Amino acid sequence: MESYALAATNVDFMIHGLFQYEVFGQKVWITTTHVSTLIVMLILLIFGIIVKTKVAKVKPGDNPTGLVSACEILVEKLDDMVLNSMGEKQYRKFANYIGTIFAFILLSNISGLLGLRPPTADYGVTFPMAIMTFCLIHYNHFKYQKVKGVIADLCDPWPIWAPINIISDFAVPVSLSLRLFANVLSGTAIMALIYALLSKVAIIWPAALHFYFDLFSGAIQTYVFCMLTMTYITNAIGEEN
């Protein structure tokens, strides 16, 4: 029992304050989440520059190969996903946004394979992303349905339902952010407990668990977040638009 208790005290969830500074008299910490987020963004930036350079070298009429071909297939699949979910009228407006959050969330979710703490295991990352989606939803709601349409939707099916519909609208960013955050955090916590309790025994075989929690579950949660984002925005725009 003593060994288990000792192992429990050595559980490392990779939440560390690296250094702090003061802003208007308040102490602010730079944590592992900030560093992991920066690394993920740098990887995406460097990858984008490399792909852009390779694409520029492809001559018209040539068949792309290697990395360019793989990226072309990936972009086509993402475009198809947006097109099938939002329709031909809207997908060009939102394909870049959906593709961007898809790439960021996916790489963040699987960054545990690189030894990083997944940025999406921090609610301070998932909640701002959900707020961006929330703003897009209501911007397009007012843009396409106007004030009259928004009021009509709030009072559907009866005016007495307006408070419930308002609460339902404000629950969207909370549910979006918590779903992604909780699933990624749970995988991170489980792997931390396994490494702490099994110590040196957990060297090779947990790779299968990493495959599930970091890769498979991470990809699923990325897809769910993007699909819900597209569904909410499409519903706000309305079918006639």
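In the predicted model, the lining of the largest pocket draws at least two residues from each of α2 (32-57), α3 (66-86) and α4. The largest contribution comes from α4, which supplies 9 residues. In total, 20 residues line this pocket, and those nearest its centre are F47, L74, L78, G99 and A103. The space in the largest pocket amounts to about 680 Å³.

Two of the helices that line the pocket were examined for their length. Helix α4 covers residues 91-110, and at 1.5 Å a residue its 20 residues should span 28 Å; the C-alpha atoms at its ends are 27 Å apart, which agrees. For α2, the 26 residues should span 38 Å at 1.5 Å a residue, and the distance between the end C-alpha atoms is 38 Å, again in agreement. Of the 20 residues of α4, 14 are buried, so this helix is largely enclosed by the rest of the structure. In α2, the buried residues include T32, T33, S36 and T37. V40 and V51 of α2 are buried as well. An α-helix has 3.6 residues a turn, so residues three or four places apart point the same way.

Besides the pocket, the search of the whole structure returned 1 cavity of 30 Å³ or more. The volume of the largest cavity is about 40 Å³. Its lining is made up of N109, N183, V184, T188, F213, D214, S217, G218 and Q221. Helices α6 and α7 (207-237) each provide at least two residues of this lining, and α7 gives the most, with 5 residues. Rolling a probe the size of a water molecule over the atoms shows where empty space is left.

Aromatic contacts were considered next. Across the whole structure, 3 aromatic pairs were found. In one of them, Y123 and F181 have ring centres 5.4 Å apart and planes at 65°; an angle over 60 degrees counts as edge-to-face, so the pair is assigned to that class. Y123 belongs to helix α5 (residues 123-154) and F181 to helix α6 (residues 162-198), so the pair ties together parts that are 58 residues apart in sequence. Y123 has a relative accessibility of 26% and counts as partly exposed, whereas F181, at 17%, counts as buried. Y123 and F181 also belong to one aromatic cluster together with F127.

S177, which is found in helix α6, touches Y123 and F127 of this cluster, and also T126 and A130, when residues up to four places away in sequence are not counted. The relative accessibility of S177 is 0%, so this residue counts as buried. From C-alpha to C-alpha, S177 and V125 are 8.5 Å apart in space, although 52 residues apart in sequence.

Two further residues of helix α5 were noted. T133 lies in this helix and is buried, its relative accessible area being 0%. With residues up to four places away in sequence left out, the residues that T133 touches are Y97, L176, F225 and T229. K146, also placed in helix α5, has a positive phi of about 60° although it is not a glycine. Most residues other than glycine have a negative phi.

For the protein chain as a whole, the secondary structure comprises 7 helices and 2 strands. Along the sequence these elements follow the pattern α-β-β-α-α-α-α-α-α. The chain has 241 residues, of which 36% count as buried. Among contacts in the chain with a separation of 6 or more, 68% involve residues 24 or more positions apart. The exposed area of the chain is about 15,100 Å², and carbon and sulfur atoms supply 69% of this area.

Notes. Residues are numbered from 1 along each chain as its sequence is written. This is a predicted model: local features need pLDDT of at least 70, side-chain atom pairs count only at pLDDT 80 or more; totals for chains, interfaces and linings use all residues. Side-chain values use heavy atoms; hydrogens and water are left out. Rings of Phe, Tyr and Trp (its six-membered ring) pair if their centres lie within 6.5 Å; planes under 30 degrees apart count as stacked, over 60 as edge-to-face and the rest as tilted. Helices (H or I, at least four residues) and strands (E, at least two) are DSSP runs, numbered from the N terminus. Buried means under 20% relative accessible area, exposed over 50%, partly exposed in between (1.4 Å probe, protein chains only). Contact means heavy atoms within 4.5 Å. The expected span of a helix is 1.5 Å times one less than its number of residues. Accessible areas come from the Shrake-Rupley method with a 1.4 Å probe; for residues, only the protein chains shown count as cover. On a 1 Å grid over the protein atoms alone, a cavity is a set of points where a 1.4 Å probe fits but cannot get out, and a pocket is an open set with protein on both sides within 12 Å along at least five of seven lines; lining residues have an atom within 4 Å of a point. Grid points are joined across faces, edges and corners, and a volume is the space filled by probe spheres set on the points.
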